[in-house]
Each structure stands twice: as structure tokens, then as C-alpha cells.
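Work through the exercises below with the sequence and the coordinates side by side, and try each task before reading its solution.

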Amino acid sequence: MEKIPRRKQAYQYIQQRILSGDLPAGTQISELALAKEIGMSRMPIREAIRQLEVEGLVRQVPRFGTIVHSLDRSEMAELYEVREALESHAAELIAGHLSSEDTQILSLLCNKILLVGRELRDTKEKMLSPELMQKFLAADMGFHMVILRASGNRRMMKIVSDLRVLSRIFTAQRETHDLKIVTSVYRYHRRILRALKRANGDLARSWMREHIRESRRLALESFDRRQAMGDARNALPLALPQDLLEEINQIEAGET
């Protein structure tokens with residue numbers, strides 16, 4: 001079995017820690033600490049970080065070093081705008097030209113999301129657990145990437161894949177999905193798949209565009225909520241007495 005190059009091992013390790021939320025946006029990355037964690041020299045770590053910087057996952061900040069990139073609102077909106085243009089085009093392009101294998105895979109991924117929704121409903125929880133959220137995200141991304149792969153445009157597939165990785169840095173930190181969102185995504189995917197099977201390129205493009213616009217709306221609403229919560233927390237010292245602030249600080253620090 002061919003051995004994975006150390007640079008690739010380091011890249012995959014760091015990328016996974018970023019996507020899982022272990023290295024959240026704004027975290028400073030230490031080459032030395034990562035080298036000790038993985039058990040390799042700093043050179044492959046440095047090469048991996050350079051690749052992540054090219055892809056936009058990390059950036060160099062003067063006097064701070066390497067930090068995990070933090071998307072602002074305009075960047076988040078831009079990601080979805082590019083996805084909307086490319087993915088709606090891909091859906092129109094492949095309508096009526098899906099292989100039987102890709103059709104089966106898309107149907108399977110639709111059913112995976114349906115099962116996530118049913119499991120959430122059966123647990124009577126309001127929001128997806130971390131485990132169910134991972135299943136949902138995997139099935140959702142898989143559906144979109146199969147459509148892009150079927151288009152035969154490798155560059156377009158790489159661009160959208162990188163954009164989704166960037167957006168997941170934000171997704172890993174925001175609130176999870178409820179049954180309404182899961183159901184909405186399932187319905188959009190079924191509509192897109194139905195249009196593809198019927199060779200209706202215009203309808204496939206329209207449903208894909210509407211689906212991504214809805215995802216963009218939810219992402220930006222979540223961003224705004226987080227921003228508002230941050231602003232409110234920063235304003236606490238102006239509104240609350242010192243003894244109450246101390247109690248709040250103890251709670252936030254996990255003290256009893």
C-alpha cells in the first residue's frame with residue numbers, strides 16, 4: 001500500500017481539525033504544537049499550512065502569525081453567490097444526461113437526509129445532535145458534488161468544493177438545524193432530482209438557484225444572530241451591576 005506523504009497527512013489533519021471546530025475561526029496555529037501532536041517535523045506542517053492559506057482556510061496576520069480564517073458577512077454572501085451561479089449551471093447542463101449510477105446515488109443521498117429528519121422527529125429533540133448534523137452535512141454535500149461531477153467540469157467542481165469547505169468553518173460554529181430546515185433541504189433535493197430525471201434543464205436550474213438562495217438566507221441570518229449576541233455581550237458592562245456581572249462571568253467560565 002502506498003504511503004501517504006507527510007505533507008498530505010499534515011494537511012488532512014489540520015483541515016479536519018478546522019472543519020470539526022477544534023480549531024475555530026480566529027485560532028492561532030502553532031507549527032511547533034502541531035508537529036508534536038502529529039509526530040513529525042515542522043517542514044511538512046509548514047507546507048500544509050501554505051496550501052491551506054492558498055485555499056483560504058488560514059491567513060497570515062502581522063505580529064500574530066497564522067490564524068484560522070474568519071469569514072465576514074460579505075465573504076459569506078459571496079460564497080453563496082458563486083455557488084448559485086456554478087451549481088445552477090451544472091444542474092441545467094446535466095438534465096437528461098445523468099447516468100443510472102449517478103441517479104441511484106442522488107436518490108440514496110436524498111433518502112439519507114429523509115432518514116436524518118425521521119430520526120430527529122423520533123427523538124423528539126428540537127435540533128440535530130452533532131452526530132446527526134454530520135450525517136446531514138455529508139449527505140447534503142454529497143448530493144451537490146455528484147451533480148457537479150456529472151457535469152464533467154473538474155475546475156468547477158474544485159471551486160465549489162473549496163467554497164463549501166470555507167463555509168463549513170462557519171457552519172461548525174453556528175447553531176444546528178431543526179426539522180424544518182432538514183425537511184426543506186430534502187424537498188429541494190427531491191425537486192432538483194425530479195427535474196434532472198425529466199430532462200427539464202430550466203426547472204433544475206431554477207430549483208437549484210432557489211435552494212442555494214434559501215441556504216444563503218439561513219446562513220446570513222445565523223451570522224447576524226451571532227453578531228447581535230456578541231454585541232449584546234460586549235454591552236453587558238454598561239447595563240449590569242458588578243455583582244451580577246461576576247456571577248455571569250463565573251457561569252461562562254464553567255464555575256459553580
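Two strands are taken to pair if DSSP finds at least two bridges between them, and helices (H or I, at least four residues) and strands (E, at least two) are DSSP runs, numbered from the N terminus. The model is predicted, so local features need pLDDT of at least 70 and side-chain atom pairs count only at pLDDT 80 or more, whereas totals for chains, interfaces and linings use all residues. Residues are numbered from 1 along each chain as its sequence is written, and side-chain values use heavy atoms, with hydrogens and water left out.

**Exercise 1.** Determine the strand order of the sheet and the sense of its pairing.

Solution. Begin with strand 2 (residues 58-61), which runs antiparallel to strand 3 and is joined to it by four bridges; among the pairs, valine 61 is the bridge partner of glycine 65, and glutamine 60 that of threonine 66. These two strands form a hairpin with three residues between them, and arginine 63 in the turn has a positive phi of about 75 degrees. Next, strand 1 (residues 28-29) pairs with strand 3 (residues 65-68) over two bridges, also in the antiparallel sense, with isoleucine 29 opposite threonine 66. The result is an open, antiparallel sheet of three strands in the order 1-3-2. Strand 1 and strand 2 are at the edges with a single partner strand each, so one side of each has no neighbour in the sheet.

**Exercise 2.** Compare the span of helix 4 with the expected one, and describe what follows the helix.

Solution. Helix 4 (residues 73-94) has 22 residues, and the expected span is 1.5 Å times one less than that number. From first C-alpha to last it reaches 32 Å, close to the 32 Å expected. Just after helix 4, glycine 96 takes a positive phi of about 85 degrees.
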